[in-house]
Amino acid sequence: MKHTTIIEPFRIKTVEPIHFNTREERNQLLKEVHYNLFGLEAQQVIIDLLTDSGTSAMSSKQWASLMQADESYAGSQSWTRLQEVIQKMTGFPHVFPTHQGRAAEHILFGLIGGSGKPFISNTFFDTTRANVEASGATAMDCPVDPSTLNKDEKRFQGNMNLIALEEKLRTSKTPIAGVVLTVTNNSVGGQPVSMSNAVQVKQLCRVFNIPMYLDACRIAENAYFVKHHEPNFINYSAREIALQFCRLSDGVLMSAKKDGLVNMGGFFATRNAQLQKQFQNALIL
Ligand SMILES: Cc1ncc(COP(=O)(O)O)c(C=O)c1O
């Protein structure tokens with residue numbers, strides 16, 4: 001068998017000590033929180049498999065930028081730089097930074113959600129579902145069933161189940177208020193979504209005249225999968241593929257702690273001028 005060693009083109013120099021506990025202590029702690037892992041304190045966990053969030057190391061340049069940040073009350077250069085990067089990445093003119101992805105979700109669903117409105121996703125991430133439901137709306141998942149996929153489709157087990165989506169769009173007594181495509185699909189094991197699936201989701205949204213939003217936490221990784229496993233995209237860069245995903249959507253939510261490779265932050269970006277005004281007002285209030 002041929003082994004390939006990938007030499008990472010960077011050095012990691014930061015060391016953060018972790019607290020060790022014994023198996024008996026862990027068993028006791030689990031009992032005390034009634035086996036609900038959300039009841040544990042972070043320092044009681046040695047290896048945290050709950051999330052991929054904020055697990056990437058920041059580069060020396062990122063840390064240096066933090067020190068050089070312009071904290072001016074108005075017209076900050078750091079904001080302008082961030083805005084330009086997000087505009088370039090998403091192709092959207094309107095950008096709203098938030099402290100985490102869940103804060104962007106909270107504002108968005110506070111605006112577009114509300115009592116009894118149904119939303120559909122390939123799978124809502126838990127914070128997204130919580131924010132949809134907190135607004136009074138309902139969240140429905142339509143993931144593909146991996147056992148029904150052929151060899152090529154198996155690469156994209158994060159896809160939306162198009163048959164289930166169309167059926168819900170056609171038969172829902174209350175019109176579907178929006179669709180959220182999560183790329184990659186974190187809650188089904190971080191599986192990627194194919195571009196052809198995203199295009200078909202968009203086509204259905206067009207037919208039923210409903211907005212499509214992207215939860216884009218792992219959009220770079222997803223673009224990598226598209227480039228390497230969807231024959232039509234082999235000659236496109238990951239950046240071009242990511243932009244194409246954004247173009248299909250009406251707005252992008254992102255927790256930048258994932259493919260943004262930062263230790264905290266998130267944003268919402270959109271081309272929708274009405275939503276831009278509402279978002280702005282919500283942030284000012
Ligand atoms: C797909 C997805 N959406 C939303 C979020 C929420 O982001 P944050 O933790 O920055 O609030 C996460 C975080 O794990 C996520 O993976």
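This is a dialogue about the ligand shell, helix packing and selected residues of a predicted model.

Trainee: Which residues come nearest to the ligand?

Mentor: Of the 15 residues around the ligand, the nearest are Gln100, Gly101, Arg102, Phe125 and Ser255. Two elements, α4 (101-112) and α5 (126-134), give two or more residues each to that shell.

Trainee: How do the residues of the shell around the ligand divide into nonpolar, polar and charged?

Mentor: The shell has 2 nonpolar, 10 polar and 3 charged residues. Gly101 goes with the polar class, because Gly is counted there.

Trainee: What makes α4 roughly parallel to α5?

Mentor: The angle between α4 and α5 is about 25°, and their axes are 9 Å apart. Angles under 35 degrees count as roughly parallel, so α4 is roughly parallel to α5. The crossing of these two helices is right-handed.

Trainee: Which residues make the contact of α4 with α5?

Mentor: From α4 they are Gly101, Arg102, Glu105, His106 and Phe109, and from α5 they are Thr127, Thr128, Asn131 and Val132. By class, that contact holds 2 nonpolar, 5 polar and 2 charged residues. Gly101 and Arg102 of this contact are also among the residues nearest to the ligand.

Trainee: Why is α8 called roughly perpendicular to α9?

Mentor: Helix α8 (residues 219-229) packs on helix α9 (residues 238-248) at about 110°, with the axes 8 Å apart. The range for roughly perpendicular is 65 to 115 degrees, so α8 and α9 are roughly perpendicular.

Trainee: What residues make the contact of α8 with α9, and how do they divide by class?

Mentor: Helix α8 gives Ile219, Ala220, Ala223, Tyr224, Val226 and Lys227, while α9 gives Ala238, Ile241, Ala242 and Phe245. The classes are 9 nonpolar, no polar and 1 charged. The charged one is Lys227, because Lys counts as charged.

Trainee: How do you know that α6 is roughly parallel to α7?

Mentor: Helix α6 (residues 162-171) and helix α7 (residues 195-207) cross at roughly 10°, and their axes come within 11 Å. With the limit for roughly parallel at under 35 degrees, α6 is therefore roughly parallel to α7. The contact joins Leu162, Leu165, Glu166 and Leu169 of α6 to Gln200, Val201 and Leu204 of α7. It divides into 5 nonpolar, 1 polar and 1 charged.

Trainee: Why is Ile219 called buried?

Mentor: Ile219 has 27 C-beta neighbours inside 10 Å. A residue is buried at 20 or more, so Ile219 counts as buried. Ile219 lies in helix α8. Beyond its neighbours within four places in sequence, Ile219 is in contact with Val183, Ala242, Phe245 and Asp259.

Trainee: How many residues along the chain lie between the positions of Ile219 and Asp259, and what separates their C-alpha atoms?

Mentor: Ile219 and Asp259 are 40 residues apart along the chain, and their C-alpha atoms are separated by 6.8 Å.

Trainee: Which peptide bond is cis?

Mentor: The bond from Val183 to Thr184 is cis, with omega near -15°. Thr184 is in the loop between β4 (178-182) and α7. Val183 was named above as a contact of Ile219.

Trainee: What makes His34 exposed?

Mentor: His34 has 7 C-beta neighbours inside 10 Å. Exposed requires 12 or fewer, so His34 counts as exposed. Its place is the loop between α1 (23-32) and α2 (60-68). Phi of His34 is near 55°, a positive value in a residue other than glycine.

Trainee: How do you know that Asn209 is exposed?

Mentor: Asn209 has 7 other C-beta atoms within 10 Å. Against the limit of 12 or fewer, Asn209 is therefore exposed. Asn209 is in the loop between α7 and β5 (212-215). Its phi is positive, about 55°, although Asn209 is not a glycine.

Trainee: Why is Met58 called partly exposed?

Mentor: Met58 has 15 other C-beta atoms within 10 Å. Buried starts at 20 and exposed ends at 12, so Met58 is partly exposed. Met58 is in the loop between α1 and α2. Leaving aside neighbours within four places in sequence, Met58 is in contact with Trp63, Val262 and Asn263. Met58 and Thr14 are 44 residues apart in sequence and 9.3 Å apart in space, C-alpha to C-alpha.

Key:
Residues are numbered from 1 along each chain as its sequence is written. This is a predicted model: local features need pLDDT of at least 70, side-chain atom pairs count only at pLDDT 80 or more; totals for chains, interfaces and linings use all residues. A residue is near a molecule or strand if its C-beta atom, placed from the backbone, lies within 6 Å of it. Helices (H or I, at least four residues) and strands (E, at least two) are DSSP runs, numbered from the N terminus. Axes are lines fitted to C-alpha atoms, for helices over the stretch in contact, and angles run from 0 to 180 degrees between N-to-C directions. Angles under 35 degrees count as roughly parallel, over 145 as roughly antiparallel, 65 to 115 as roughly perpendicular and the rest as oblique. A crossing is left-handed if the near helix is turned anticlockwise from the far one by less than a right angle, and right-handed if clockwise. Two residues are in contact if their C-beta atoms, placed from the backbone, lie within 7 Å.
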